Amino acid sequence: MSQAYSVSPIGFVRSCFKEKFAIPRQPQLAPAARGVLELVPPFDQGDAVQGLEQVSHVWLLFLFHEALEDKPRLKVRPPRLGGNQSMGVFATRATHRPNGIGQSVVKLEKVEAGRLWLSGIDLLDGTPVLDVKPYVPYADVIINARNTMAAAAPELIPVSWDDDALRQAREHGLRLAEPLIELIEQCLAQDPRPAYQQPAPERRYGAQFWDLDVRWHYPQPGQIRVLEVVPSGA
């Protein structure tokens with residue numbers, strides 16, 4: 001018997017990721033990726049977060065608000081398989097979910113009334129959050145669990161810098177009071193381009209982190225070189 005339910009966000013994420021491209025495909029792969037969950041009434045009161053100071057990590061249940069679809073997909077093409085192999089939607093963590101719901105476990109850096117400061121996030125700026133639950137190590141860690149499709153984290157590729165780009169990243173990192181160099185390296189080392197693309201050295205890629213445009217290229221296969229880090233729109 002079919003029945004509809006309605007849900008409302010308990011808050012929204014203010015994230016270092018301003019666009020989907022180059023966001024890590026799983027949480028915790030970029031520890032320098034930081035953001036703030038800003039809670040909305042009535043959850044912006046201290047009572048709602050009392051006790052969370054005893055917790056190091058939390059589960060976030062959220063909406064893929066830029067990937068919501070009217071027609072459910074039964075099969076998807078997960079990036080982990082190169083984007084050219086179909087799998088059942090329930091065998092993947094693809095963003096194209098039946099109800100647009102995602103989940104991520106993230107590190108809880110600081111707790112304030114109305115705000116949770118987070119790191120290791122994989123969430124787009126403005127993501128609506130439906131619920132927050134504490135990570136429980138004895139229950140959430142399953143020693144003998146397996147997933148043969150994603151048995152290990154993606155292999156990282158080396159990231160190098162043009163001198164000017166590294167200087168720019170240092171200056172903007174100080175301005176933002178954020179680990180910007182680490183954020184860029186951790187995200188780009190996972191090779192954000194679609195796996196089916198074979199980029200030529202002259203092709204430029206770009207993504208926005210905080211209020212900055214980061215541009216890079218592939219001088220040769222399996223290597224990234226950061227070319228510039230400039231204010232968005234420059």
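# Burial and backbone in a predicted model

Visitor: Which residues of helix 4 (residues 180-188) are buried?
Guide: A residue counts as buried when its relative accessible area is under 20%. By that cut-off, applied here to a predicted model, the buried residues of helix 4 are L180, I181, L183, I184, C187 and L188.

Visitor: How many degrees of arc around the axis of helix 4 do they cover?
Guide: An α-helix has 3.6 residues a turn, so residues three or four places apart point the same way. The buried residues of helix 4 lie on the same side of the helix, because the arc that they cover around the axis is only 165°.

Visitor: What covers the buried residues of helix 4?
Guide: The cover of these buried residues includes both helical and strand elements. The helical part of it is helix 3 (163-176), and strand 9 (159-161) is also included. Further along the chain, the cover includes strand 10 (205-209), strand 11 (212-217) and strand 12 (224-231).

Visitor: What is phi of A177, a residue other than glycine?
Guide: A177 is found in the loop between helix 3 and helix 4, and at 57% relative accessibility it counts as exposed. Although A177 is not a glycine, its phi is positive, with a value near 55°.

Visitor: Is D191 buried or exposed, and what is its relative accessible area?
Guide: D191 is found in the loop between helix 4 and strand 10, and its phi, near 60°, is positive in a residue other than glycine. With the cut-off for burial set at under 20%, D191 is buried, because its relative accessible area is 15%.

Visitor: Where is P42, the residue reached by the peptide bond from P41?
Guide: The peptide bond from P41 to P42 is cis, with omega near 5°. As for its place in the chain, P42 is in the loop between strand 2 (34-39) and helix 1 (46-49).

Visitor: Why does V58 count as buried?
Guide: V58 lies in strand 3 (residues 57-63), and beyond four places in sequence its contacts include L52, S104, V105, V106, L108 and L118. Other contacts of V58 are V132, K133, P134 and Y135. V58 is buried because its relative accessible area is 0%.

Visitor: How many Å in space lie between V58 and K107, C-alpha to C-alpha?
Guide: V58 belongs to strand 3, whereas strand 6 runs over residues 101-112. Along the sequence V58 and K107 are 49 residues apart, but in space their C-alpha atoms are separated by 6.5 Å.

Visitor: Which residues does L108 touch, not counting residues up to four places away in sequence?
Guide: L108 has its place in strand 6 and counts as buried, because its relative accessibility is 8%. I23, 85 residues away in sequence, lies 19 Å from L108, C-alpha to C-alpha. The residues that L108 touches are L52, V55, S56, H57, V58, L116, W117 and L118.

Visitor: Which residues does I10 touch, not counting residues up to four places away in sequence?
Guide: I10 is found in the segment before strand 1 (11-15), and it is buried, with a relative accessible area of 11%. I10 and L37 are 27 residues apart in sequence, with 9.4 Å between their C-alpha atoms. The residues that I10 touches are L37, L39, V40, F43, V129, L130, D131 and V132.

Visitor: What separates the C-alpha atoms of M87 and V76?
Guide: M87 is found in strand 5 (residues 87-88) and counts as partly exposed, at 23% relative accessibility. M87 and V76 are eleven residues apart along the chain, and their C-alpha atoms are separated by 5.6 Å.

Visitor: What is the radius of gyration of the chain?
Guide: The chain contains four helices and twelve strands, and its C-alpha trace spans about 55 × 45 × 35 Å along the principal axes. A compact globule of 234 residues would have a radius of gyration near 17 Å, which agrees with the value for the chain, 19 Å.

Visitor: What share of the contacts with a separation of 6 or more is between residues 24 or more positions apart?
Guide: Of the 234 residues in the chain, 39% are buried, while the chain exposes about 13,700 Å², with carbon and sulfur atoms supplying 52% of that area. Among the contacts with a separation of 6 or more, residues 24 or more positions apart account for 70%.

Notes: Residues numbered from 1 in each chain as written. Predicted model: local features only at pLDDT ≥ 70, side-chain atom pairs only at ≥ 80, totals over all residues. Heavy atoms only, no water. Helix = DSSP H or I, 4+ residues; strand = E, 2+ residues; numbered from the N terminus. Rg over C-alpha atoms; globule rule 2.2 N^0.38 Å. Buried < 20%, exposed > 50% of the residue type's maximum accessible area, 1.4 Å probe, protein only. Contact = heavy atoms within 4.5 Å. Areas by Shrake-Rupley, 256 points an atom, 1.4 Å probe, with all protein chains shown as cover. Arc of directions from axis to C-beta.
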